[in-house]
Amino acid sequence: MIPVGFINIIHGFTVKGRLFEPARIDEKRMVGYPFKEIETKWQTHWESHKTFSIGEDLDLSRPKYYVLDMFPYPSGDGLHVGHPEGYTASDIIARYKRMRGFNVLHPIGWDAFGLPAEQYALKTGTHPSITTEKNIQRFREQLKSLGFSYDWDREVNTTDPNYYRWTQWIFKQLFNRGLAYQQEKPVWWCEELGTTLANEEVIDGKSEVGGYPCIRRPLRQWVLKITEYADQLLDGLDELDWPTSTKEMQRNWIGRSEGAEIDFRVADSDADKIRVYTTRPDTLFGATYMVLAPEHELVDQISAAGARAAVDRYRDSAAKKSELERTELQKQKTGVFTGAHAINPANGKSIPIWIADYVLAGYGTGAIMAVPAQDQRDWEFAGTYDLPVIRTVEPPANFDGEAYTGDGKIINSDFLDGMTVEAAKAAMIEWLEANGHGERKVNYKLRDWLFSRQRYWGEPFPVVFTDAGATTVEDSELPVILPELEEFKPSGTPEGPLATAKDWLDITLQSGQVARRETNTMPQWAGSCWYYLRYIDPHNPDALVDPEKERYWMPVDLYIGGAEHAVLHLLYARFWHKVLYDAGIISSPEPFAKLVHQGMILGELEFTCYRNRQGEAVSAEHVRDGTDTRNGEELSPDRTADSEVVKLGDGFVLSEQQDIAVEARAHKMSKSRGNVVNPDEVVARYGADAFRLYEMFMGPLEQVKPWNTNGVDGTHRFLNRVWRLFVDNESGNRSSKIVDAVPSDSQRKTLHQTIAKVTEDIESMRFNTSIAALMEFTNTVNKWSSVPKEIAEQFLLLLAPLAPHLAEELWEKLGHNETLAYETWPETLAQYLKDDTLMIAVQVNGKLRAQIEIAADLSEEAVLSLARSDDNVARYLDGKTLRREIYVPGRIVNFVVAN
């Protein structure tokens with residue numbers, strides 16, 4: 001949710017502080033251009049002529065450009081107006097690059113496996129494949145209606161066995177390289193529903209459906225060893241043209257740290273030593289207690305008899321919480337003393353061992369040494385349970401906080417005293433290794449990737465189990481087809497629905513061995529980890545991708561998608577890519593050279609007027625958190641209709657009480673809020689070209705922006721003006737204003753300055769300012785008595801990537817028989833970029849007294865003479881002693897005088 005008073009969105013568009021608004025036309029006299037007929041005509045033409053299909057006979061001597069949208073999931077709701085923003089941007093670039101002579105790969109497909117289709121199947125009995133195909137058809141129709149220049153011959157679908165055959169084949173490579181293994185991992189289990197549940201299906205420890213109790217229980221899972229590639233994933237970020245924030249998020253997710261693993265002996269016990277990892281071995285003398293994860297393997301062994309009941313109760317409670325609830329969401333730290341103690345190896349002191357759910361079994365060693373003086377989380381826990389605190393780093397003199405995590409002199413630490421933190425770390429690691437108490441260790445926050453789902457609607461694993469254990473099937477047996485099930489209900493066991501497919505489950509191998517198939521399926525991430533490779537060679541039955549084609553097209557030159565995928569999808573795709581690279585299957589170490597995140601498009605502005613107990617309106621500047629800042633009175637929010645407000649300056653006020661400012665906010669589109677805008681309705685009313693232009697004209701691509709349907713009226717009027725410039729309304733033929741004449745130098749200058757601006761802005765993906773330049777050009781050209789055809793043609797080529805349907809139609813009306821999709825992009829002629837005249841400011845003693853127009857090549861002496869002769873300047877120079885004349889070429893003149 002963001003306030004949007006700063007952006008002008010009603011009928012006009014702000015670009016770098018300047019408001020561009022297509023000039024208004026008498027709507028009664030204007031015949032609107034027939035966008036429905038035009039757009040249908042050209043979409044049909046592109047499809048029937050396969051205009052954007054690059055085929056197999058490529059001229060490989062030409063440069064390539066691979067522009068890719070993040071894989072869309074075809075939901076049942078279809079697109080809302082926020083979805084096409086990134087698709088429009090990528091389409092503009094694709095069309096532009098074709099006109100610049102590039103071979104362009106611009107494909108589309110569907111990331112179609114996933115939980116929603118399976119949930120719908122459970123509710124309705126409709127097979128997920130039917131639901132998925134219906135949703136894909138809906139998405140396909142919507143995307144085609146917007147005129148995107150996808151190569152539809154390369155369309156892929158992750159649920160197609162011909163596609164997931166290669167997903168299974170990649171899993172085999174991971175398995176064969178030791179990067180896929182099995183491990184018991186906790187999952188949500190609902191006894192009442194008889195199924196495992198995803199995190200999003202469990203709320204406060206209860207199932208979203210039915211509200212039944214759920215617990216975390218260990219279950220055999222497939223895990224991918226992404227941690228083996230942690231350093232490669234970190235190092236590869238340096239060379240990528242990605243948003244800095246995204247690269248930092250990946251670095252933080254991987255979380256490389258250097259420290260030590262330290263062994264603590266359990267007092268009076270034969271139990272194994274407890275190993276902890278810490279980035280602060282220098283604080284070991286301040287470790288006053290230990291904490292184990294409730295699931296730690298030693299808890300049962302070390303817990304004292306008197307503590308057993310409390311320990312068991314606490315472990316049962318922890319099993320009902322998600323990892324998020326145990327860490328980020330947990331405000332109050334809780335734990336239970338096990339009754340056992342460990343020996344601090346630094347000083348030989350006995351310290352208590354607790355269990356607490358803020359320590360996770362899957363992170364590090366599942367145990368920590370707690371140093372409350374140097375860690376805020378440990379400080380809070382120690383305060384709750386009255387545990388001792390020993391400072392090992394001397395805080396600054398004015399420090400009055402709790403845990404101190406900064407640098408300083410080491411104290412209370414025996415042989416480390418007086419050292420800096422960094423020196424003490426090194427010394428302690430050396431001491432630990434010399435005395436057999438620990439070792440230097442590099443650790444990562446990144447954990448291996450849980451790759452199993454107890455679901456039906458996902459890729460089957462190419463795995464069978466025999467008496468000898470797990471093995472993969474032969475390549476000749478791929479794909480392992482997902483069996484047809486009449487019932488999608490849970491099996492009643494943690495194995496998942498595939499366990500009920502008896503005819504599919506048990507098989508006899510070619511060797512004669514009896515085997516049982518894996519009943520888990522792969523997560524939705526699987527198919528989206530490598531789809532960009534299959535687009536290169538989508539119909540190859542013999543290989544994932546042809547090596548020669550891969551070498552030509554990879555890496556992806558431009559990847560556009562939402563920032564919500566900044567970590568997981570991008571990290572997983574990079575991991576698979578690096579594995580395939582190491583296996584010699586592909587030639588590039590990274591998949592996506594340049595990444596751009598489009599900003600979210602929010603719903604329409606919603607207006608709120610606040611009222612006091614008497615029903616009187618209170619102006620928004622006096623409102624904070626629903627109260628009147630002047631007297632603390634609680635106010636009532638009153639949803640106000642658009643018709644009751646008007647825009648005033650940068651904000652909105654009541655139309656009948658313009659001294660009362662109202663709150664104007666836009667919110668994320670959602671069905672529950674009722675602010676979802678369907679692009680079909682906008683296209684039906686204004687046309688796809690107007691829709692595309694508005695999406696790009698709202699503001700910078702990366703910026704969060706509020707939607708306003710009225711704003712599309714502005715881009716629609718602009719396109720109407722273009723139509724009227726080219727077409728006679730009465731006959732429908734070329735306008736008589738378009739003439740076969742040689743352009744004047746002035747006309748060429750206007751054109752080439754526009755070419756330079758639009759080209760630079762499209763290259764930089766500043767689409768809003770490129771559209772503004774085309775609007776300015778149109779306004780200028782409309783003032784000409786006639787428009788040379790050469791100028792008109794060049795303008796249409798500039799318009800084509802942005803409003804392709806109208807550009808194609810007008811190109812045809814100018815007498816061309818072929819599509820302009822592959823016409824050469826206009827080149828800028830430098831001689832027309834220079835201004836013949838300039839406006840410069842003239843100051844006297846630093847104060848502006850005039851602005852004069854000068855020839856661009858005028859000499860300094862002539863400029864000064866012209867400035868002195870200006871009537872207003874002369875008035876301020878008259879009778880004064882001229883001490884100095886300053887001329888900054890092309891910008892300013894300043895006369896310094898004495899009174």
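Q: Is Tyr212 buried, partly exposed or exposed?
A: Keep in mind that this is a predicted model. Tyr212 sits in the loop between β11 (206-207) and β12 (215-224). Buried means under 20% relative accessible area and exposed means over 50%. Since Tyr212 comes out at 31% relative accessibility, it counts as partly exposed.

Q: Which residues form a nonpolar patch on the surface with Tyr212, and what is their accessible area together?
A: Tyr212 has 31% relative accessibility, and a residue needs over 30% to join a patch. Its partners in the nonpolar surface patch are Leu193 and Val209. Together, Leu193, Val209 and Tyr212 have an accessible area of about 240 Å².

Q: Which residues touch the most other members of the largest nonpolar core?
A: As a general point, nonpolar side chains tend to be buried together in soluble globular proteins. Here the largest nonpolar core holds 89 residues. The ones that touch the most other members are Leu143, Trp707, Phe726, Met765 and Phe767.

Q: Which helix gives the largest share of this core?
A: We're still on the core of 89 residues. The largest share comes to 8 residues, and the helix they belong to spans residues 767-781. That is helix α22.

Q: Which residues does Phe726 touch, leaving out those up to four places away in sequence?
A: Phe726 is one of the residues that touch the most other members of the largest core. Contact here means heavy atoms within 4.5 Å. With those sequence neighbours set aside, the list for Phe726 is Asn733, Arg734, Ser735, Ile738, Ala792, Phe795, Leu796, Leu810 and Leu814.

Q: How many residues are in the other core, apart from the largest one?
A: This other core lies apart from the largest one. Among its members are Ile226, Leu240, Val473 and Leu533. Its count is 79 residues.

Q: How many Å apart are the C-alpha centres of domain 1 and domain 3?
A: The chain is divided into domain 1 (257-443), domain 2 (705-832) and domain 3 (837-898). Take the C-alpha centres of domain 1 and domain 3, and the distance between them is 75 Å.

Q: Is Phe52 buried or exposed?
A: You'll find Phe52 in the loop between α1 (35-49) and β4 (64-69). Beyond its sequence neighbours, Phe52 touches Trp46, Arg95, Arg98, Ser149, Tyr150, Asp151, Ala821 and Tyr822. Its relative accessible area is 5%, so Phe52 is buried.

Q: Is Thr472 buried or exposed?
A: Thr472 belongs to strand β22 (residues 469-472). Leaving aside neighbours within four places in sequence, Thr472 is in contact with Lys172, Phe175, Asn176, Pro462 and Val463. With a relative accessible area of 13%, Thr472 is buried.

Q: What is the relative accessible area of Ser588?
A: Look in the loop between α17 (568-582) and β26 (595-597) for Ser588. Beyond four places in sequence, Ser588 touches Glu550, Met554, His577 and Tyr581. Ser588 is buried, with a relative accessible area of 7%.

Q: Which residue forms a salt bridge with Arg220?
A: The closest N and O atoms of this pair are 2.8 Å apart, and a salt bridge needs them within 4 Å. The pair links distant parts of the chain, 298 residues apart, with Arg220 in strand β12 and its partner in the loop between β24 (514-517) and α14 (525-528). Arg220 is partly exposed at 31%, whereas the partner is buried at 0% relative accessibility. That partner is Glu518.

Q: Why are Lys425 and Glu422 separated by about one helical turn?
A: The side chains of Lys425 and Glu422 meet in a salt bridge, 3.3 Å from N to O. Glu422 counts as exposed, because its relative accessibility is 53%. Both residues lie in helix α12 (residues 421-434), and the turn follows because their spacing there is 3 residues.

Q: Which parts does the salt bridge between Asp506 and Arg516 tie together?
A: The side chains of Asp506 and Arg516 meet at 3.5 Å, N to O. Asp506 is partly exposed at 43%, and Arg516 is partly exposed at 30%. The two residues are 10 apart in sequence, so their salt bridge ties together strand β23 (residues 506-508) and strand β24.

How values were computed:
Residues numbered from 1 in each chain as written. Predicted model: local features only at pLDDT ≥ 70, side-chain atom pairs only at ≥ 80, totals over all residues. Heavy atoms only, no water. Core = buried A, V, L, I, M, F, W, Y, C linked by side-chain atoms within 4.5 Å. Buried < 20%, exposed > 50% of the residue type's maximum accessible area, 1.4 Å probe, protein only. Helix = DSSP H or I, 4+ residues; strand = E, 2+ residues; numbered from the N terminus. Domains from an automatic or database assignment. Patch = residues over 30% accessible without salt bridge, like charges linked within 9 Å, V, L, I, M, F, W, Y side chains within 5 Å. Areas by Shrake-Rupley, 256 points an atom, 1.4 Å probe, with all protein chains shown as cover.
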